[in-house]
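Hi,

Here's the structure I said I'd pass on. Have a look at it first, then read on for what turned up.

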Amino acid sequence: LVVLEKELEQDPEREESREKLEKELFEVIESEAFEENSLSRYYARYRQISDLLLAKPDAREAWYHNRIQVDLKTGDNIHGRETALRFLEHHPDSETAVVDMIRVCICLHDREGLDRFLESLKTMPVVLTTESLQYIRFLT
């Protein structure tokens with residue numbers, strides 16, 4: 001992380017460094033190797049980097065997915081919902097976006113939103129596999 005931060009400090013516009021830093025920070029957060037007090041610094045930095053990457057018109061599916069996971073983990077469920085909606089808008093054919101939206105609705109205890117979303121799946125260009133269908137079958 002220190003090396004990537006240095007690279008980014010030397011050249012703040014270097015996309016490759018931002019992308020690598022996002023990945024490394026997400027792995028640190030997911031590893032749960034640090035106490036919650038120590039993680040707050042990593043969460044804040046992750047959000048900064050993630051915001052920059054998600055502002056790009058060609059934001060990758062993994063960046064959306066990772067940010068939603070971090071939002072849900074930190075209790076920022078409203079931002080998680082906003083990110084999930086943007087994920088679906090930018091990647092309407094992504095099964096990962098579908099599963100993430102279902103998870104967000106569950107975390108928010110939003111049964112009405114979940115029902116509306118499940119109904120809207122009929123018009124979406126996404127191909128669902130057993131990964132998402134197991135959730136859908138359970139919830140309907």
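Arg86 sits in helix H5. Before going further, keep in mind that this is a predicted model. Is Arg86 buried, exposed or partly exposed? Its relative accessibility is 30%, so Arg86 counts as partly exposed, because that label covers whatever falls between the 20% limit for buried and the 50% limit for exposed. If you skip the neighbours within four places in sequence, Arg86 is in contact with Leu54 and Tyr64. Try finding Leu54 on the chain: Arg86 and Leu54 are 32 residues apart in sequence, yet 9.3 Å apart in space, going from C-alpha to C-alpha.

While you're there, look at the rest of H5. Helix H5 is made of 14 residues and reaches 20 Å from its first C-alpha to its last, close to the 20 Å expected at 1.5 Å a residue. Which residues of H5 are buried? They are Asn77, His79, Gly80, Thr83, Ala84, Phe87 and Leu88. The cover over these buried residues includes H3, H4, H6 and H7.

Phe87 brings us to the aromatic pairs. A search of the whole structure turns up 3 of them, and here are two. One is between Phe26 and Tyr46, and it is tilted, with 6.2 Å centre to centre and 45° between the planes. This pair links distant parts of the chain, since Phe26 is in helix H2 and Tyr46 is in helix H3, 20 residues apart. Both Phe26 and Tyr46 are buried. Then there's the pair of Tyr64 and Phe87, which is stacked: 5.2 Å centre to centre and 5° between the planes. It also links distant parts of the chain, with Tyr64 in helix H4 and Phe87 in helix H5, 23 residues apart. Tyr64 has 0% relative accessibility, so it counts as buried. Phe87 counts as buried too, because its relative accessibility is 0%.

Next, go to helix H2, where you'll find Glu22. Glu22 is buried yet has no salt bridge. How far away is the nearest side chain of opposite charge? That side chain is Arg60, and it is 7.2 Å away from Glu22. Leaving out residues up to four places away in sequence, Glu22 touches Tyr46, Ile49, Leu53, Trp63 and Asn66. You've met Tyr46 already, as the partner of Phe26.

Now for the largest nonpolar core, which has 37 residues. Within it, Val98, Ile102, Phe117 and Leu121 touch the most other members. The elements giving two or more residues to this core are H1, H2, H3, H4, H5, H6, H7 and H8. Which helix gives the largest share? That's H3, with 7 residues. To see one of the well-connected members up close, pick Ile102: not counting residues up to four places away in sequence, it touches Leu114, Phe117, Leu118, Tyr135, Ile136 and Leu139.

Last, two spots in the loops. Glu32 lies in the loop between H2 and H3, and its phi is near 55°, a positive value in a residue other than glycine. Glu32 has a relative accessible area of 57%, so it is exposed. His109 is in the loop between H6 and H7. Its phi is positive as well, about 55°, although His109 is not a glycine. With a relative accessible area of 73%, His109 is exposed.

Cheers

Technical notes
Residues are numbered from 1 along each chain as its sequence is written. This is a predicted model: local features need pLDDT of at least 70, side-chain atom pairs count only at pLDDT 80 or more; totals for chains, interfaces and linings use all residues. Side-chain values use heavy atoms; hydrogens and water are left out. A nonpolar core is a set of buried Ala, Val, Leu, Ile, Met, Phe, Trp, Tyr and Cys residues joined through side-chain atoms within 4.5 Å. Buried means under 20% relative accessible area, exposed over 50%, partly exposed in between (1.4 Å probe, protein chains only). Helices (H or I, at least four residues) and strands (E, at least two) are DSSP runs, numbered from the N terminus. Contact means heavy atoms within 4.5 Å. Lys and Arg count as positive and Asp and Glu as negative; His and the chain ends are not counted. A salt bridge is a side-chain nitrogen of Lys or Arg within 4 Å of a carboxyl oxygen of Asp or Glu. The expected span of a helix is 1.5 Å times one less than its number of residues. Rings of Phe, Tyr and Trp (its six-membered ring) pair if their centres lie within 6.5 Å; planes under 30 degrees apart count as stacked, over 60 as edge-to-face and the rest as tilted.
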